[in-house]
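The exercises below are meant to be worked through with the sequence and the structure side by side. Try each task before reading its solution.

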Amino acid sequence: EVTNQYEQIASLQKALRSADAAGAAVLAPTGYAKASQKLDEAIAAAQVGNADEARSLAASGTKRLAKVDSDMDQTRELMMEVLEVRERATDAGASEIYPDRTAKMEESLSETSALIERGKIEDAKKRRQSLIDGYSQLELAALKDGVVEAAKATIASAEEQGAKKYAPKTF
């Protein structure tokens, strides 16, 4: 395998996995995509035996990831409130209950993060409130649906266990 032969490629691949786990695809989408592309190009160059180009491309991808880290930090700082509400929506199960709406919000956050990457800080700040509102609505809807579903499940369970027979007034 290519990563066994080229330490730079293996290192870039590991760093990309780590960046992905840290949310780079949403918090610094442009830079993350470019670094991922450099990895793909480095692997392709290595597979055809072009070792110098493979190393150069891997080094370029690694360099790009350093910028991704700083862009992610800047996005976290500027979008702190958004990320807090996003986490609450996630904790409420919004992505499972409303996957399409959640994906739309994630896309909007990613677009805003791309603005930050390009230095359009004021434009990104203008989008904050709409992101906060969108994630808050998702959280509320998920909480409501979660409570309703839990109540339905409890009622169904009580019914299965004979609650009508044993506690007709309460049931």
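**Exercise 1. Check the length of helix 8 in this predicted model, and describe what surrounds its residues.**

Solution. Begin with the count: helix 8 covers residues 99-117, which makes 19 residues, and at 1.5 Å a residue the expected span is 27 Å. The C-alpha atoms at the two ends of helix 8 lie 26 Å apart, so the expectation and the model agree. Next, look at burial, for which the cut-off is under 20% relative accessible area. The buried residues of helix 8 include T102, M105, L109, A114, L115 and I116, and also the charged residues E106 and E117. Finally, look just past the end of the helix, where G119 follows with a positive phi, near 85°.

**Exercise 2. Which residues pair with E41 and with D73 in salt bridges, and how are the partners placed along their helices?**

Solution. Start from the whole structure, in which a search finds 8 salt bridges. One of the pairs joins E41 to K38, with the closest N and O atoms 4.0 Å apart. Both residues belong to helix 4, residues 29-47, and they stand 3 residues apart, about one turn of the helix. As for their surroundings, E41 is partly exposed because its relative accessibility is 30%, and K38 is likewise partly exposed, at 27%.

Now turn to D73, whose side chain meets that of R76 in a salt bridge of 3.2 Å, N to O. Because D73 and R76 are 3 residues apart in helix 5, residues 51-78, about one helical turn separates them. D73 has a relative accessible area of 48% and therefore counts as partly exposed, while R76, with 29%, is also partly exposed.

**Exercise 3. Where in the chain are the two partners of the salt bridge between R88 and E139, and is each one buried or partly exposed?**

Solution. The side chains of R88 and E139 meet in a salt bridge, 3.4 Å from N to O. This pair links distant parts of the chain, since R88 sits in helix 6 and E139 in helix 9, residues 121-160, with their positions 51 residues apart in the numbering. The relative accessible area of R88 is 40%, so R88 is partly exposed, whereas that of E139 is 15%, which means that E139 is buried.

**Exercise 4. Which residues form the negative surface patch, and how exposed is E81?**

Solution. The patch is formed by E81, E84, E87 and D91. To place one of its members, note that E81 lies in helix 6, which runs over residues 80-91. With a relative accessibility of 39%, E81 counts as partly exposed.

**Exercise 5. How far apart in sequence and in space are I9 and A58, and how far apart are L27 and S70?**

Solution. First locate I9, which lies in helix 2, residues 7-21, and which counts as buried because its relative accessibility is 0%. I9 and A58 are 49 residues apart in sequence, and their C-alpha atoms are 5.4 Å apart in space. Then take L27, found in helix 3, residues 24-27; its relative accessibility of 5% means that L27 is buried as well. L27 and S70 are 43 residues apart in sequence, with 10 Å from C-alpha to C-alpha.

Definitions and conventions. Residues numbered from 1 in each chain as written. Predicted model: local features only at pLDDT ≥ 70, side-chain atom pairs only at ≥ 80, totals over all residues. Heavy atoms only, no water. Patch = residues over 30% accessible without salt bridge, like charges linked within 9 Å, V, L, I, M, F, W, Y side chains within 5 Å. Areas by Shrake-Rupley, 256 points an atom, 1.4 Å probe, with all protein chains shown as cover. Charge placed at Lys NZ, Arg CZ, Asp CG, Glu CD. Helix = DSSP H or I, 4+ residues; strand = E, 2+ residues; numbered from the N terminus. Buried < 20%, exposed > 50% of the residue type's maximum accessible area, 1.4 Å probe, protein only. Expected span 1.5 Å × (residues − 1).
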